[in-house]
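I opened a fresh page for this protein and kept my notes short. Have a look along with me.

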Amino acid sequence: MDEECVTELPRGGDLPWALFYPADYAVASSNLGYHYVYRALKELGIAAERFCGSPVPFRSIEGDTLLERFPVITASVAYEGNAEGFFRWLNSANIPLHFEDRLLGSFPIIGAGGAMTYINPLLLSAVCDFIVLGDALDSLPFVAESLRRYMQDGNKTKLFSALAEHPSILVPPVHIRQGEVSVRRRIANDQPLDGKYPMTSTWLTPRSSFGKTLLVELQRGCARNCSYCTLPGCFGKMRFRDIGVIMERLEEIFAAHEVEQVGLVTPEAGDHPRIEELLDLLAARDKGVSFASLRIDGLTEKMLSALKTGGRHSITVAPETGSDELRFSCGKKFTNELITEKMKLAASLGIDQAKLYFMTGLPGETDEDIRSIAALSGRIIDETGMNLILSVGPFVPKPGTVWSRAEFGGVPELKRKYDILIRELSKIKKKRPQLRMTSPKEAESEFSLAWYGYKESTALAKNGGVSKKVPFDSTARAKTLLELERLW
Ligand code: SF4
């Protein structure tokens with residue numbers, strides 16, 4: 001295994017716990033939450049072993065241990081599609097999917113945490129015995145102790161009642177009555193980051209999606225409230241880490257491990273008040289830097305130079321749309337003028353490629369707005385000479401956002417808008433951008449999963465985790481909206 005642990009972790013443990021990530025190892029290794037939970041479990045003395053999505057993950061990464069050995073299985077569910085992956089995997093391991101079908105017998109206890117639990121935990125509610133809502137590290141010691149007691153007495157009813165006492169844990173066998181959530185819960189998302197949570201990757205591997213990069217969390221939550229974004233509603237108020245504390249920890253890691261690249265994990269890198277200071281320190285240690293996300297209006301020469309010094313010649317930013325007015329309505333208050341200016345700055349520093357994220361099907365969007373995506377792309381190419389990759393995806397209204405009640409565009413309309421965009425882009429003769437589009441069908445599936453309630457989660461469980469067979473319409477969505485309002 002070409003993995004190097006950045007933090008020394010206790011060996012062994014007393015509670016075999018399968019920690020599953022429903023995607024392949026490369027993606028799992030680039031999810032900082034998964035790193036944190038693994039480390040926290042090991043530090044709690046739990047015999048946690050990791051399982052990733054492919055190949056069929058019936059043996060753990062650590063010990064090649066068979067799944068049957070684990071009385072506890074939990075998953076980190078980062079987004080809607082992960083839930084399907086998790087359910088299909090349990091199903092193929094012959095574990096009954098609905099919690100009711102596991103009440104009797106020696107089936108494992110199934111739990112979940114992860115970003116999806118901040119958005120809509122009901123998607124997971126028919127399958128999981130417990131769902132940790134929000135920042136999981138807050139409740140893990142409590143969960144571990146409850147499970148330890150269960151290992152002694154084997155009493156599931158007692159375990160579920162104990163877990164149900166915690167305000168940030170949803171326990172479907174206790175809290176769902178006649179198909180409806182019967183209790184108010186709270187998302188754990190307000191604790192200061194410093195001193196409480198780890199801040200870096202637990203392991204380094206060249207096989208992560210970002211290569212051998214040490215991930216460092218600078219910030220959680222966002223002060224802005226972009227109309228489509230789940231982040232402000234779910235991850236709570238903006239919480240920064242202290243740069244001094246970060247540097248102290250980084251120095252320890254740099255002294256003990258070979259780290260060439262540091263990946264700064266933050267919703268919008270330009271928001272951290274002392275980001276430039278951190279970049280200076282990393283440059284002084286000769287470390288390459290990458291950013292999880294760059295906000296165009298916060299982009300500075302120092303950030304671009306740091307990327308270039310780290311060997312990157314490409315940047316990724318999200319103009320979202322080609323018209324200023326529509327972009328402002330999304331909550332992104334910057335203009336095409338500013339985008340072009342920042343791209344010119346990047347090009348002047350030797351960055352020759354940009355990946356630009358756009359959405360279609362936004363509330364109030366016109367065909368002219370679609371044409372403006374091509375116009376903005378053409379202008380950037382003309383004024384910078386950059387190669388562009390356009391990543392275009394349909395707008396999907398999600399729970400917990402300003403636009404949670406907005407309409408989803410629908411497959412035929414989204415295809416029509418894509419056709420307009422393809423036609424307009426074909427008029428760009430020089431350096432025509434590469435176009436990568438999320439299929440409207442895929443977006444439709446994401447939309448319905450995002451709004452699944454307990455009833456649809458049950459149907460998904462009965463169908464072995466295959467969402468295509470689950471009926472879904474606007475009535476189902478309205479019901480989930482009401483249930484979520486009751487839950488939070
Ligand atoms: S899109 Fe970015 S800036 Fe806007 S709310 Fe989300 S994280 Fe914050």
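Below is what I looked up, topic by topic.

**Ground rules.** I counted residues from 1 along each chain, in the order its sequence is written. I kept in mind that this is a predicted model, so local features need pLDDT of at least 70 and side-chain atom pairs count only at pLDDT 80 or more, while totals for chains, interfaces and linings use all residues.

**Domains.** I started with the overall layout. The domain assignment splits the protein chain into domain 1 (4-181), domain 2 (189-309) and domain 3 (313-449); such bounds come from an automatic or database domain assignment. I noted that the C-alpha centres of domain 1 and domain 2 are 27 Å apart. Across this pair, 20 residues of domain 1 are in contact with 23 residues of domain 2, where contact means that the C-beta atoms, placed from the backbone, lie within 7 Å.

On the side of domain 1 that touches domain 2, β1 (4-5), α1 (25-28), α2 (32-43) and α4 (116-119) each supply at least two residues. I took these names from DSSP runs, numbered from the N terminus: helices are H or I with at least four residues, strands are E with at least two. Which element gives the most to this side of domain 1? I found α2, with 5 residues. By class, that side has 11 nonpolar, 5 polar and 4 charged residues. For the classes, Ala, Val, Leu, Ile, Met, Phe, Trp, Tyr, Cys and Pro count as nonpolar, Asp, Glu, Lys and Arg as charged, and the others, Gly among them, as polar.

**An open sheet.** Next I traced 6 strands that form an open sheet with mixed pairing, in the order β3-β2-β4-β5-β6-β7. Its edge strands, β3 (47-52) and β7 (169-170), each pair on one side only. Two strands count as paired if DSSP finds at least two bridges between them. I saw that β2 (residues 16-21) pairs with β3 in the parallel sense over 6 bridges, and that Pro16 stands opposite Ala47 in β3. A reminder to myself: strands of a sheet pair through backbone hydrogen bonds, either parallel or antiparallel.

**The ligand.** Around the ligand I listed Cys222, Arg224, Asn225, Cys226, Cys229, Leu231, Pro232, Pro267, Glu268, Arg295 and Gly331. A residue is near a molecule if its C-beta atom, placed from the backbone, lies within 6 Å of it. I sorted this shell into 6 nonpolar, 2 polar and 3 charged residues.

**Strand β11.** Why is β11 (residues 213-217) described as largely enclosed by the rest of the structure? It is because 4 of its 5 residues are buried. Buried means 20 or more other C-beta atoms within 10 Å of the residue's own, exposed means 12 or fewer, and partly exposed is in between, with C-beta atoms placed from the backbone. I also found 5 bridges that join β11 to β14 (residues 261-265), and the two run parallel. Glu217 has Val265 in β14 as its bridge partner.

**Helix α14.** I checked the length of α14 (residues 367-384): at 1.5 Å a residue, its 18 residues should span 26 Å, and the end C-alpha atoms are indeed 26 Å apart. The expected span is 1.5 Å times one less than the number of residues. Its buried residues include Ile370, Ile373, Leu376 and Ile380. The buried residues of α14 pack against β16 (314-320), α13 (336-348), β17 (353-360), β18 (387-394) and α15 (411-425). After α14 comes Gly385, with a positive phi near 75°.

**Two positive phi values.** Most residues other than glycine have a negative phi, and most peptide bonds are trans. I therefore wrote down two exceptions to the phi habit. Asp286 has a phi near 65° and sits in the loop between α10 (275-284) and β15 (288-291). Asp286 counts as exposed because it has 10 C-beta neighbours inside 10 Å.

Glu320 has a phi near 70° and belongs to strand β16. Glu320 is buried, with 21 other C-beta atoms within 10 Å. I followed its pairing: β16 and β17 run parallel, joined by 5 bridges, and Glu320 has Phe358 in β17 as its bridge partner. Phe358 in turn is partnered by Val392 in β18.

Note on methods:
Two residues are in contact if their C-beta atoms, placed from the backbone, lie within 7 Å.
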